[in-house]
Every structure is written in structure tokens, then in C-alpha cells.
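These are my notebook entries on a single protein model. I record below what I looked up, entry by entry.

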Amino acid sequence: MLKHNKHSPARLFSSKVSAMSTTTLDQEVDTAEGKYEIFRSRLHSLITTLKENHGAMVKLNEAQLKTTKAVCDLLIDTKVSKVVIGAGDCPASSVIATKEISLKDQPHEKDEEENKENKPEVQENKPTDETKSSSSVSTPSKATEKQEEQSAHVSEAATTPVFHMPDEYTHSFHKVIDGKSLDCPDLSFMALFNASDDINQHYAEKFRTYIIGYLEQWERIVSTRIEGRTIEFRKMRQDYSHYVNKTQVLHEKADKQKARSKLIPAKASPRLASKLDRNILKLSGAEEAHDDYGRSLLLYIELVTSTYWKDLIPLLNMLCEFYLASSSDYADIMAKLQTTDANLRKLAMDHGVGMGGRLQALKAKRPESLVIYEEQEEHESTKLPTVDVAQKEKEEDDESTLSKGSEDLESV
């Protein structure tokens, strides 16, 4: 059980506030308002920065996909189009769309698959227990029910409208790809980056909804309460000051009447005395309301501006979960590029293309030495003539030698 600390900073400050005079309280509230303005400015700056981060995230994703499409445009109808472009479709979007369902159903489906695999063995080895085994398949175990309850809780938290539940941010981020979810038959370059685009869009939306949404809600709650209460407190301060001034004027009038009075003891007029008594009561009520409201406002501002790190813990937790889940899912997709790269290397080997490229050859060698003929595609109607590059180079060298010998004879 949580024990209350009598000497905690919050309790000590509360005791200090309770003992403050009205004048001191006004001064402390003014100071606290200055602290709040600094805090709010920094909080707003953080929100602005995270929005810029979100915008950069979206732009980077768009630029990455645009770059991939530009590369693929260059490779249409080439030998590598199948490896690089493929069908261009990897079902990551369907994985995301059915994530809440799959989280709940995957353990159950896995159990059913295991039971289906084991069912023939059970029937062969233990035919007498057929009824028992079939009932065990149809009736989920306690462990399965517990998993489904936990998964249903995750699904409910994921689909619950934002800002409606105290623990709404507890399950904000989780991996979309669980290893087998990215069952992508098309492992082309384009397909994998389409899948990456789906995943990145999913996480960018989560980032905007939960991380930025949490900060905006925090700012809205704090600013509404503090600024609303500050307005009310200023009205109370005006009322209190009004009755202070009014009773002071009435006291001065009563003192003047007493000085002119011939009665013993000296008294003010009954009408003035009654008016003074009424305003003294009003002053007492205004002072009590002013001090109570001011102390509450001062305590609230102190809690917001001095222990705000407690409100940052959920944000930091969400940032950790976001980067862990998003980077892990991105890595799962990019790991599939190993197969794509292996296919590219095999294609390059089949056609005599080195991984170092041929830029130096394009820069220095003669075109005839760069000619590499490939097998014709089925749709091609013509075929380039076969050229013996070595023989061609030898003939050119012989012609050059003969030409040089003729020049020498002429000079002689």
C-alpha cells in the first residue's frame, strides 16, 4: 500500500500555502502564473517539434516510395524487371487492417492447426478416446480463453475512441508484423517497399493520434483549468479589493462623525454604522472566497509546473514502444530484401554482370568490346547477329599495322 509522506514537497508546500496571508497569496499566485507561462511555452514547443517530426516522417516515407518507383520506371521491360518490379504488391496493408482481429485470433488459430495436425495421430493411437479428443478440440482450454481475453483487451484498447479511458495509451503501440504475418509471395524490390510504405503510414498515423494527441490533451486540460481559474481568481481579487476600499472609506466617514459627535461615547449615525457592518461582512466573505480559491489555484499550478515529469512518463513510454515496434517491423520487411538481393546476384551471374558495375568499362573501352548478347525474349521478332569480338579486334589491329607499313614505304 502506498504510504503518505508527511514531509513530501507537495505536503510541505500545501502547509506553507495554508499559512499565507492574503497579500502574500496574491504575490505567490502572480509568481506561479509566470512559472506556468514558461512551462506552457515549453510544452507548446514540444508539440510543435513533434508535429514537425511527424511531417518529416511522412515526407521521408513518400520520398522513399517515390525513389523506388523512379528506379522501377527505368527497369520496365528489362531482364531485372521481374526481380525488381514483380507484381509490386505485398499484403502488408491487409496485415495492418486485420491486426486487431489477428491479435485475438492467431493464438486460437494456432491451437486449432496444432489440434488438426495432432488429431489423426490421436485417432490412430487412441481410437477409444475419439470423443474425448474431439470435445477437447471444440472446447477451448483455460489458457486459450485467458489468451483470448488478453487479446480482446488489446483489441478493445486499440479500437476505443481516443481520450475516453484512463488507460487509453497503455496499448497504443504493438508490432504489426509477428514474423509470419508478412507472408509475401512477391519479394520484389517494389513489393517490399510498398509494404514498407503501408507500415510507415500506419505508424505515422499512430504517432499523430497517440503521441501528439497525448500532448495536445495534456496542454488542453492544464490550460483550461489554470487559465479558467486564473480569470475567476482575478474577479475575486477585484471583489476583495472593492470591499477593502469601501470599508476603508466607510471607516473614515464613521471616524469623522464620531469626532463631531457630542454623544458620550461618540457614535456614528445608525445608517452609516449599519452600512459599515454590511460591508465588513461582505469583505469577510470576499476575503475567504479569495483566499480559498487562490490557495487551490496556487497548489494546482505548483503541481503542474514542478512535477510535470510524472506526466511525461507516459509520453516517454509511448515513444519507446513506438520506436521499438516500428523499427522492428521495418527490419522484418527489409530482411526480406536478402532474398531479393540473392535473386539479383543470380541474375547478374547468369548474364555476366559484376556487382562492381561497368562504369569504368563504359568510360574506357570500345563499344564493340562491350557488346553482350542475351537470349531473345519470346516477344522479340529479330535477333542481333553474332559477333566474335576477339576476331573483330584482331582484324582492326591487322588493318592498323598494314596502314602503318604502307606509310613507311611511301616515306622511303
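**Entry 1: Nonpolar surface patch**

I began with Trp-309, whose place is in helix 10, residues 309-335. I noted that the model is a predicted one. Trp-309 has a relative accessibility of 48%, so I entered this residue as partly exposed. I then looked up the patch to which Trp-309 belongs: Tyr-308, Trp-309 and Ile-313 form a nonpolar patch on the surface. Together these three residues have about 310 Å² of accessible area.

**Entry 2: Positive surface patch**

I next asked which residues form a positive patch on the surface. I listed Lys-246, Lys-253, Lys-256, Arg-260, Arg-271, Lys-275, Arg-278 and Lys-282. The elements that give two or more residues to this patch are helix 8, residues 189-260, and helix 9, residues 270-306.

I took Arg-260 from the list for a separate check. Arg-260 is found in helix 8. I recorded Arg-260 as exposed because its relative accessible area is 62%, and the cut-off for that class is over 50%.

**Entry 3: Two further residues of helix 8**

I stayed with helix 8 and looked up Glu-205, which lies in this helix. Is Glu-205 buried, partly exposed or exposed? Its relative accessible area is 48%, so I classed Glu-205 as partly exposed. I also checked Glu-205 against Val-58: the two residues are 147 residues apart in sequence. In space, I found 9.3 Å between them, C-alpha to C-alpha.

I then turned to Ser-223, which also lies in helix 8. Ser-223 counts as buried because its relative accessibility is 11%, and buried means under 20%. What does Ser-223 touch, leaving out residues up to four places away in sequence? I noted Tyr-36, Arg-40 and Gly-228.

**Entry 4: The protein as a whole**

I closed with the totals. The secondary structure comes to 14 helices and zero strands. Read along the sequence, I therefore entered the pattern as one α for each helix run, α-α-α-α-α-α-α-α-α-α-α-α-α-α.

Of the 412 residues in the protein, I found that buried residues make up 28%. The accessible surface comes to about 28,100 Å². Carbon and sulfur atoms hold 55% of that surface.

Lastly, I looked up the contacts with a separation of 6 or more. Residues 24 or more positions apart account for 84% of these contacts.

Terms used. Residues numbered from 1 in each chain as written. Predicted model: local features only at pLDDT ≥ 70, side-chain atom pairs only at ≥ 80, totals over all residues. Heavy atoms only, no water. Patch = residues over 30% accessible without salt bridge, like charges linked within 9 Å, V, L, I, M, F, W, Y side chains within 5 Å. Areas by Shrake-Rupley, 256 points an atom, 1.4 Å probe, with all protein chains shown as cover. Salt bridge = Lys/Arg side-chain N within 4 Å of Asp/Glu carboxyl O. Lys, Arg positive; Asp, Glu negative; His and termini not counted. Charge placed at Lys NZ, Arg CZ, Asp CG, Glu CD. Helix = DSSP H or I, 4+ residues; strand = E, 2+ residues; numbered from the N terminus. Buried < 20%, exposed > 50% of the residue type's maximum accessible area, 1.4 Å probe, protein only. Contact = heavy atoms within 4.5 Å.
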